[in-house]
Amino acid sequence: MFSHFSRHEKPIVLHVRVMAGPGGGPEKTILRSPRGLQPYGYRGVCVYLHPPGDAGFLELRQKAALLDAPLVGIPDRGPWDFRVLGAGYRVCRRLRPAIWQGHDYKTNFLGLLVSRVWPVRLVSMVHGWTVEGRRIRLYYRLDRLWLRFYERVICVSEDLRAECIRWGVRPERSVVIENAVDLSEYQRRLPPEEAKRRLGLEPSALVVGNVGRLSPEKGLAKLIEAIAQLHQEAVPVELLLVGDGPQRQQLHHLANQRGITDRVHLVGYQTDPRPWYEAMDLFVSNSIREGLPNVLLEAMALEVPVLATRIAGVTRLIEPEQNGLLIEPGDQAGLTAAMRRMLADPELRGRLALAGRKTVETRYSFQARMAKVAAVYDELLSRNKYPPSAHCGRGLE
């Protein structure tokens, strides 16, 4: 039933994830993975479980086409829709993958079930457990239990690896591979003043920004409070919040309460956030829970100085006073003081911005990341045997 891998064949890797809407940070990695794996002899296919008729999936398909990422959609009607199991098996039977890489609690569980009837090797990418809610916390707890049965668990930060080990993942099966960005894609093209002008912002204003999901764990309410305090001090500062999420109305209401609705711009989800990054004088990540945010890497790659909370993988990325500044999570006074300092010192911002770009160039390039991921696959596949035709995909229907 099994045979050794031929070096002339290309193993297929399925990147499987649940998504509703246009997706988030993990999509920046997942959709770029097929192209990134090609130089290392792998063929990647993205498989997304999505609500039937979801407009966000149509947008995801457009992104995938731009990135040359093969994309398969599986309709998913909720947590108890067991039809996705049969659909997952049919995808495996058609594409004959060597590796199933799950990206969340449901696709990790689905991989365990599918592997009972189709011999795939199991790899999981752990991005973090950040979203709140009783049901979500239950799913996260189950996910941590399922991960112990995975052959390889790739974590985006050391703290996530430590948590996986606490939950029973064997240390030799877990590895840290941090997030990364495509440096050719994330390269500054406009100075901040021109970028502001093109977006209809006042070129002389000091613009603080954040990109991502508008949800409580991002600490955005405290960021608005800091903007309100600086406004009272006559600092000409404005806030750009690029993204959407469950806290949008609450944040708008808070800005209205503080009398700064004209200073807080909730611009919604943007397919391409790069022009918004380029308009920022300072990027602030005030999260209280996070792995290693892609948005921090993107801001640094685009030469935007960064201020972030001292959490998880961020402490490996940011060296205080060298390539950014760090504050303690939840520290309102510390947040406001650090913002005040950075906005008042253009020389500091310029120095940190250049150092941030250099950090990403030397340690967080997407090409280097994919080489590490491919090495995990190489080690896994060369150690054991797997299906004789597991690498001869029949094409996407």
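Two strands are paired when DSSP finds at least two bridges between them; helices (H or I, at least four residues) and strands (E, at least two) are DSSP runs numbered from the N terminus. This is a predicted model, in which local features need pLDDT of at least 70 and side-chain atom pairs count only at pLDDT 80 or more, while totals for chains, interfaces and linings use all residues. Residues are numbered from 1 along each chain as its sequence is written, and side-chain values use heavy atoms, leaving out hydrogens and water.

**View 1. The seven-stranded parallel sheet.** Seven strands make up an open sheet with parallel pairing, arranged in the order 3-2-1-4-5-6-7. Strand 3 (71-75) and strand 7 (174-176) occupy the edges; each has a single partner strand, so one side of each is left without a neighbour in the sheet. From one strand to the next, the twist averages 20 degrees; angles run from 0 to 180 degrees between N-to-C directions, and axes are lines fitted to C-alpha atoms, for helices over the stretch in contact. Helix 4 lies across strand 1 (12-18), strand 2 (43-50), strand 3 and strand 4 (99-102), and its course makes about 155 degrees with strand 3. Helix 7 (residues 158-166) lies across strand 5 (121-126), strand 6 and strand 7, running at about 170 degrees to strand 7.

**View 2. Strand 6 and its two partners, strand 5 and strand 7.** Strand 6 (residues 152-155) runs parallel to strand 7 and is joined to strand 7 by three bridges. Strand 5 also runs parallel to strand 6, with four bridges between them. On the strand 5 side, Ser124 has Val153 of strand 6 as its bridge partner. On the strand 7 side, Ile154 is bridged to Val175, and Cys155 stands opposite Val176. In a regular strand, side chains alternate between the two faces of the sheet. Here, Arg152 and Ile154 point one way from strand 6, whereas Val153 and Cys155 point the other way, and all are buried (under 20% relative accessible area).

**View 3. Val153 and the largest nonpolar core.** A nonpolar core is a set of buried Ala, Val, Leu, Ile, Met, Phe, Trp, Tyr and Cys residues joined through side-chain atoms within 4.5 Å. The largest such core has 50 residues. Leu14, Val47, Trp100, Val126, Val153, Cys164 and Tyr377 are the members with the most contacts inside this core. Helix 16 (residues 366-383) gives the most to the core, contributing eight residues. Apart from this core lies another, of 33 residues, which includes Trp276, Leu302, Ile311 and Ile318. When neighbours within four places in sequence are set aside, Val153 is in contact (heavy atoms within 4.5 Å) with Ser124, Val126, Leu147, Cys164, Val169, Arg173, Ser174 and Val175.

**View 4. The packing of helix 4 against helix 5.** Helix 4 (residues 83-95) and helix 5 (residues 105-114) pack at an angle of about 65 degrees, and their axes are 10 Å apart. Helix 4 contributes Val84, Leu85, Gly88, Tyr89 and Cys92, which meet Lys106, Leu110, Leu113 and Val114 of helix 5.

**View 5. Two loop residues with positive phi, Asp68 and Arg96.** Asp68 is placed in the loop between helix 3 (55-66) and strand 3. Its phi is near 55 degrees, a positive value in a residue other than glycine. With a relative accessible area of 51%, Asp68 is exposed (over 50%, measures between the two cut-offs being partly exposed; 1.4 Å probe, protein chains only). Arg96 lies in the loop between helix 4 and strand 4 and has a positive phi of about 55 degrees, although it is not a glycine. Arg96 counts as buried, at 18% relative accessibility.

**View 6. The six-stranded parallel sheet and Thr309 in strand 12.** Six strands form an open sheet, paired in parallel, in the order 10-9-8-11-12-13. Strand 10 (264-268) and strand 13 (325-327) are the edge strands; each has a single partner strand, so one side of each is left without a neighbour in the sheet. Direction ignored, neighbouring strands of this sheet are turned by 20 degrees against each other on average. Strand 11 (residues 282-285) and strand 12 run parallel and are joined by three bridges; within this pair, Val284 stands opposite Leu307. Helix 9 (residues 220-232) packs on the sheet, where it touches strand 8 (206-211), strand 9 (237-242), strand 10 and strand 11. The direction of helix 9 makes about 165 degrees with that of strand 9. Thr309 is found in strand 12 (residues 306-309) and counts as buried, at 0% relative accessibility. Not counting residues up to four places away in sequence, Thr309 touches Ser285, Asn286, Ser287, Val314, Leu326, Ile327, Glu328 and Pro329.
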